[in-house]
Amino acid sequence: MKLSWRVVLLWALPILVIGFFLWQGAFSSPAADAGRNTASTRMTYGRFLDYLDAGRVMAVDLYDGGRTAIVEAVDPQIDNRVQRWRVDLPGNTPDLITRLKDSNVSLDSHPPRNDGALWGVLGNLLFPILLIGGLFFLFRRSSNVPGGPGQAMNFGKSKARFMMEAKTGVVFDDVAGIEEAKEELQEVVTFLKKPERFTAVGARIPKGVLLVGPPGTGKTLLAKAIAGEAGVPFFSISGSEFVEMFVGVGASRVRDLFKKAKENAPCIIFIDEIDAVGRQRGAGIGGGNDEREQTLNQLLTEMDGFEGNTGIIIIAATNRVDVLDSALLRPGRFDRQIMVDPPDVKGRLDILKVHARNKKLADEVSLEAIARRTPGFTGADLANLLNEAAILTARRRKDAITMGEIDAAVDRVIAGMEGTPLVDSKSKRLIAYHEVGHAIVGTLLKHHDPVQKVTLIPRGQAQGLTWFTPSEDQMLISRAQLMARISGALGGRAAEDVIFGDAEVTTGAGNDLQQVTSMARQMVTRFGMSDLGPLSLESSQGEVFLGRDWLNRSEYSEEIASRIDGQVRSIVDHCYNEAKRLVSENRDAVDRLVDLLIEKETIDGDEFRQIVSEYTSVPEKEQLVTQI
Ligand code: ADP
Ligand code: MG
Ligand code: ZN
């Protein structure tokens, strides 16, 4: 809003002013004034004198101090009819007047329009006035706008840094796939709507609820839905907005926010990314951050300062509860933690249903199929997916979204924008071998996910891609599956190596190798899947920079470290040999598939398996399919 107003003003001012001048010019110029009541034909001064000599002129009206005349004369060219012309006169011409009088022409003179002069003066003043007024207005506004020039002057009183929505318009029905979270929060709605029910029995209404979950899972949406269901205002601010350059600004923002909220109770205060302010105090590289700590202290003070029953409930969101200061998690502050996890297949289906409500889907579209194809997608990803599909449908000028657009949109959300295919060349051949390498290893290993399609159409960073049908969100992955994944990921490099030789392998496998190394390392250090035995040697995330202390990281000796490296290496070596073996043993199938891939650019999984099965036996895959 602010921005658009400023832009409008900025452009509208000069346009208005220029428009005004043009308008003024058009109407107050005497020539135009004269032209209004006449035919617009012009006559030269010489011709006019000729006509005068010939006695054709009947009347002359002088305008503009005698510089323009409207002449009524008999036109010999059109049956001697009386016509009117405009004549530009050469300024002050007393003899002309005398001649006109002598020839008995009816003569009249019109004074220049006085109001024109008045307008002219006003017009001259108007521009600077508008300009100065406009600038003043802009300056006034921008001093309230974050980062504007007035910022430094009134940093103590922050304004408009938090948002208030009187009605969010979001209800629980708009949030799907996170049923447990919704159920827990249902109670919060009751706190807001019927606090008596709890206070009557002496219960203390919780002040803070912490929503914990990865980005895009619907935390913001959920908070809005609570406000929407309870019909209370929704104040929101992002944790990062508390943290400012000037010490004390964040704290004063917190104070402002709570003051406003108290005036509007009952209401919801939503603090997004609370980890930005709420991190462990005094931790992290370079020690604490004074400003952040002051802000956090202020937040704690405010939370303690109001009684639990004032009807303000603070909802905060974070995806890293582990870095939060423990003071925030104490009872009486954010004592309720609600996990908002990425949805499972059923949840994805429900979310798709929510977002399909306002979209036109063809009958053939099966939301179940989409839900199955998208393990790991969050609510935001799914919303984005349907939107991309809708955009694609509009671009293709279809009436309803079909499965074709949905598939294209899934690919796009997962792997990025489609590029133009390479022209046939040596590198295209090499990429084809690389992809077929992944696909054939994946197909021939019993524990690998089945191939969905292989394509040479570039997408995002990748020149070619092999898609595997992900098995349904598996909680537990076996050692055999991990080994198969590592072999499959090495299949591309293995094919390059087998077909083109050691010297020709390319950088194309860089990404694959990164994944391979990380999988193998985790097998050794986290999952106890190596000769080192069932030991956990590393925690899941190395939180070096954010919050936690970073010194006590290595919990093992140098000797163990080198044994870990040895184990990782042996896993990778084993899988690489397996991949190379599969490629070279099936060289004929690989060559044929590569030719086909270069010709068709995409081979789908069934056709791929069909061709492979003509050469060797393809193992049955055991795929878990959850009922939905
Ligand atoms: P977060 O705050 O967890 O990062 P958001 O609440 O901002 O995620 O979600 C972004 C968008 O994604 C929402 O506006 C909504 O359109 C969609 N979305 C996310 N999760 C869900 C869900 N569980 N149900 C329906 N829509 C969702
Ligand atoms: Mg959010
Ligand atoms: Zn690859």
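Select Leu221 together with ligand 1 in this predicted model: a backbone N or O atom of Leu221 lies 2.9 Å from an oxygen atom of the ligand. Extend the selection to Thr220, where a polar side-chain atom lies 2.6 Å from an oxygen atom of ligand 1. Then add Gly218, which has a polar backbone atom 3.0 Å from an oxygen atom of ligand 1. With these contacts displayed, turn on the surface of the ligand: taken alone, ligand 1 exposes 560 Å², and the protein buries 78% of that.

Next, display the full shell around ligand 1, which consists of 16 residues. The closest are Ala176, Gly216, Lys219, Thr220 and His355. Which helices should be coloured at this stop, given that each supplies at least two residues of the shell around ligand 1? They are helix H8 (219-230), helix H13 (345-356) and helix H15 (379-395).

Leave the ligand and select helix H3, residues 45-53, in which Tyr51 is found. Is Tyr51 buried or exposed? With a relative accessible area of 5%, Tyr51 is buried, because the limit for that class is under 20%. To see what surrounds Tyr51, set aside its neighbours within four places in sequence and show its contacts: Met43, Arg56, Val57, Ala73, Val74, Asp75, Pro76 and Trp85. A distance drawn from the C-alpha of Tyr51 to the C-alpha of Val74 reads 8.5 Å, and the two residues are 23 apart in sequence.

Now select helix H5, residues 114-142, and within it Leu135. Leu135 counts as exposed, because its relative accessibility is 55% and the class begins over 50%. Add Phe127, Leu131 and Ile132 to the selection; together with Leu135, these residues make a nonpolar surface patch of about 390 Å².

Finally, clear the selections and view the whole protein as a cartoon. The protein has 22 helices and 14 strands. Of its 628 residues, 43% count as buried. Switching to a surface representation brings up the exposed area of the protein, about 32800 Å², of which carbon and sulfur atoms supply 54%. To close, consider the contacts between residues at least 6 apart in sequence: in the protein, 73% of these join residues at least 24 apart.

How values were computed: Residues numbered from 1 in each chain as written. Chains lettered and ligands numbered in written order. Predicted model: local features only at pLDDT ≥ 70, side-chain atom pairs only at ≥ 80, totals over all residues. Heavy atoms only, no water. Patch = residues over 30% accessible without salt bridge, like charges linked within 9 Å, V, L, I, M, F, W, Y side chains within 5 Å. Areas by Shrake-Rupley, 256 points an atom, 1.4 Å probe, with all protein chains shown as cover. Salt bridge = Lys/Arg side-chain N within 4 Å of Asp/Glu carboxyl O. Helix = DSSP H or I, 4+ residues; strand = E, 2+ residues; numbered from the N terminus. Buried < 20%, exposed > 50% of the residue type's maximum accessible area, 1.4 Å probe, protein only. Contact = heavy atoms within 4.5 Å. Near = heavy atom within 4 Å. Polar contact = N/O pair within 3.5 Å; in protein donor to acceptor, adjacent residues only side chain to side chain.
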